[in-house]
Amino acid sequence: METQPNNPLHGVKLADMVEHLVTFYGWEELGERITIRCFTHDPSVKSSLKFLRKTPWARERVEGLYLKSLRDAKKK
């Protein structure tokens, strides 16, 4: 397995990202920041993962918000 020191997403599972975002923002704010149905209507980690694995543009937004939340957490 190659090391990727410049890739902050290396080794982070999508499920861990979603769980972190739910803990950091909550479902309601997460749905406001990324407007996708799996975050706004009867949200769950399982349904979100199913959608995000099939939808590259949504996954990119989740990854971007995850990185932003890590930067914001460091500032606090």
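**Exercise 1. Place Ser48 and say whether this residue is buried or exposed.**

Solution. Start with the element: Ser48 belongs to helix α4, residues 45–54. Helices here are DSSP runs of H or I with at least four residues, numbered from the N terminus. The model is predicted, so local features need pLDDT of at least 70 and side-chain atom pairs count only at pLDDT 80 or more, while totals for chains, interfaces and linings use all residues. Residues are numbered from 1 along each chain as its sequence is written, and side-chain values use heavy atoms, with hydrogens and water left out.

Next, take the accessibility. Ser48 has a relative accessible area of 0%, so Ser48 is buried. (Buried means under 20% relative accessible area, exposed over 50%, and partly exposed in between, with a 1.4 Å probe and protein chains only.)

Last, list the contacts. Leaving aside neighbours within four places in sequence, Ser48 touches Val18, Trp27, Cys38 and Phe39. Contact means heavy atoms within 4.5 Å.

**Exercise 2. Find how α1 and α4 pack.**

Solution. Two packed helices are described by the angle between their axes and the distance between the axes. For α1 (14–25) and α4, the angle is about 125° and the axes are 10 Å apart. Axes are lines fitted to C-alpha atoms, for helices over the stretch in contact, and angles run from 0 to 180 degrees between N-to-C directions.

Now name the arrangement. α1 and α4 are therefore oblique to each other. (Angles under 35 degrees count as roughly parallel, over 145 as roughly antiparallel, 65 to 115 as roughly perpendicular and the rest as oblique.) The crossing of the two is right-handed. A crossing is left-handed if the near helix is turned anticlockwise from the far one by less than a right angle, and right-handed if clockwise.

Then list the residues. From α1 come Leu14, Ala15, Val18 and Glu19; from α4 come Val45, Ser48, Leu49, Leu52 and Arg53. Sorted by class, the contact of α1 with α4 holds six nonpolar, one polar and two charged residues. (Ala, Val, Leu, Ile, Met, Phe, Trp, Tyr, Cys and Pro count as nonpolar; Asp, Glu, Lys and Arg as charged; the others, Gly among them, as polar.)

**Exercise 3. Do the same for α1 and α5.**

Solution. Helix α5 covers residues 56–75. Its angle to α1 is about 55°, with the axes 10 Å apart. That makes α1 oblique to α5. The crossing of α1 and α5 is left-handed. Among the residues in this contact are Leu14, Phe24 and Tyr25 of α1, and Arg59, Val62 and Tyr66 of α5. By class, the contact of α1 with α5 has ten nonpolar, two polar and three charged residues.

**Exercise 4. Which residues join α4 to α5?**

Solution. α4 and α5 pack at about 115°, with their axes 5 Å apart. Phe51, Leu52 and Lys54 of α4 meet Pro56, Trp57, Ala58, Arg59 and Val62 of α5. The classes are six nonpolar, no polar and two charged.

**Exercise 5. How many aromatic pairs are there?**

Solution. Rings of Phe, Tyr and Trp (its six-membered ring) pair if their centres lie within 6.5 Å; planes under 30 degrees apart count as stacked, over 60 as edge-to-face and the rest as tilted. The count is three aromatic pairs. One of them joins Phe24 and Tyr25: the centres are 4.8 Å apart and the planes at 85°, so the pair is edge-to-face. Phe24 is partly exposed at 29%, whereas Tyr25 is buried at 11%.
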